[in-house]
Amino acid sequence: MPEEKVWSVVELLKTTIAFFAEKKIDEPRLSAELLLGHVLGLQRLQLYLDHERPLTLKELEAFRAACRERLQGRPVQYIAGEAFFYGYQFFVDERVLIPRPETELVLEHAMERLAASGLDSADSPSILDVGTGSGCIAITLALRLPGARVTAADVSADALDVARRNADAHGVSERIRFVEADALSASFADAVGGPFDLLVSNPPYIPEAEWATLQEEVRRYEPRLALVAPTGFEYYQSIAVAAPSLLRKGGVLCFELHADGAAEVRNLLGSSFADVQVMQDYNKLDRGLSCMAQ
Ligand SMILES: C[S@@+](CC[C@H](N)C(=O)[O-])C[C@H]1O[C@@H](n2cnc3c(N)ncnc32)[C@H](O)[C@@H]1O
């Protein structure tokens, strides 16, 4: 039997990147690097520092299996079990949404609004994240604001397991309270407590009618519960109703938005909020909306 060729990291990356590009895989270089890094237990940079490293047959087989999964459409973050958000690494699997770069902008906007709020407690703010998923927003806020106490709520016990694991990995579990609660229920405010200085939420906002237009990869692998609301506005409506009793006077409400959602969400807010600001993402699409409880 002919001996199997011994591949080095650099050769394998080059070949895989070209193959992924030919197969029209999104971000072929990043995908190949993340998968190989995952299989070898190395960061992406280390792959290049150790580029002549030969792979064992077992490693090669594991990498090929990961590539096959990618070719079948499974997102690279789920295969590798990791995603990056605001420069931090998060464990992810199919129980949670993969954090998106647009959400980093919403998080940044929320932090700016909180800093500008003038609340006495802004150095040690009390924060509520509704629909925490992987915990990416709640945990990043706890890391960026070392005095913050965060409540991370989700209706999905599975998602909360993932979020807890991420909080442990980042050493912020003691400052995050995880609550299994339904944001659409009238008892939500009682379940999460308060008062809060900041309520931030990236809720499900894809209307049912748009589901079929999403990328197949998203529909097949990401949790529908994390994405879809019948008209797209149910969560904003419920949270806007609960928020006045959850926020301190002067507290900040900050939502991620569907690109077409700003006007409708603004209408839902009613008279309890002032100073509404809409922020745009990299594509100049409306992506975040914030306001102040009065
Ligand atoms: C768009 S994902 C956001 C996840 C994460 N915060 C992020 O930005 O990547 C929405 C989250 O809301 C949660 N969710 C769905 N329905 C909910 C409900 N009725 N009450 C609370 N959370 C809910 C989902 O489980 C999911 O984790």
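**Exercise 1. Packing of α1**

Find which helices the buried residues of α1 pack against.

*Solution.* Start with the basis: this is a predicted model, local features need pLDDT of at least 70, side-chain atom pairs count only at pLDDT 80 or more, and totals for chains, interfaces and linings use all residues. Residues are numbered from 1 along each chain as its sequence is written, and side-chain values use heavy atoms, with hydrogens and water left out.

Step 1. Take helices as DSSP runs (H or I, at least four residues) and strands likewise (E, at least two), numbered from the N terminus.

Step 2. List the buried residues (under 20% relative accessible area, 1.4 Å probe, protein chains only; exposed is over 50%, partly exposed in between). In α1 they are V9, L12, L13, T16, I17 and F20.

Step 3. Check their directions. They lie on the same side of α1, because their arc around the axis is only 130 degrees. The arc is taken from the directions from the helix axis to the C-beta atoms. An α-helix has 3.6 residues a turn, so residues three or four places apart point the same way.

Step 4. Look for contacts (heavy atoms within 4.5 Å). The partners are α2 (28–40), α3 (44–49) and α4 (57–71).

Step 5. Turn to the face directed away from the buried side. Exposed K14 and E22 sit there.

**Exercise 2. Length of α1**

Test the span of α1 against 1.5 Å a residue.

*Solution.* Step 1. The expected span is 1.5 Å times one less than the number of residues. For the 14 residues of α1 (residues 9–22), this gives 20 Å.

Step 2. The end C-alpha atoms are 20 Å apart, which agrees.

Step 3. Move just past the helix. K24 has a positive phi of about 60 degrees.

**Exercise 3. The ligand shell**

Describe the surroundings of the ligand and its contacts with T132, G133 and Y235.

*Solution.* Step 1. Count residues with a heavy atom within 4 Å of the ligand. There are 21, and the closest are G131, D154, D182, A183 and N202. Helices α7 (136–144) and α11 (224–227) each supply at least two shell residues.

Step 2. Seek polar contacts (here, pairs of N or O atoms within 3.5 Å). A backbone N or O atom of T132 is 3.3 Å from a ligand nitrogen atom. For G133, a backbone N or O atom lies 3.4 Å from a ligand oxygen atom. In the side chain of Y235, an N or O atom is 3.0 Å from a ligand nitrogen atom.

Step 3. Assess cover. The protein covers 96% of the 590 Å² of accessible area that the ligand has on its own, by the Shrake-Rupley method with a 1.4 Å probe.

Technical notes: A residue is near a molecule or strand if one of its heavy atoms lies within 4 Å of it. A polar contact is a pair of N or O atoms within 3.5 Å; within protein, one must be able to donate a hydrogen and the other to accept it, and residues adjacent in sequence count only if both atoms are side-chain atoms.
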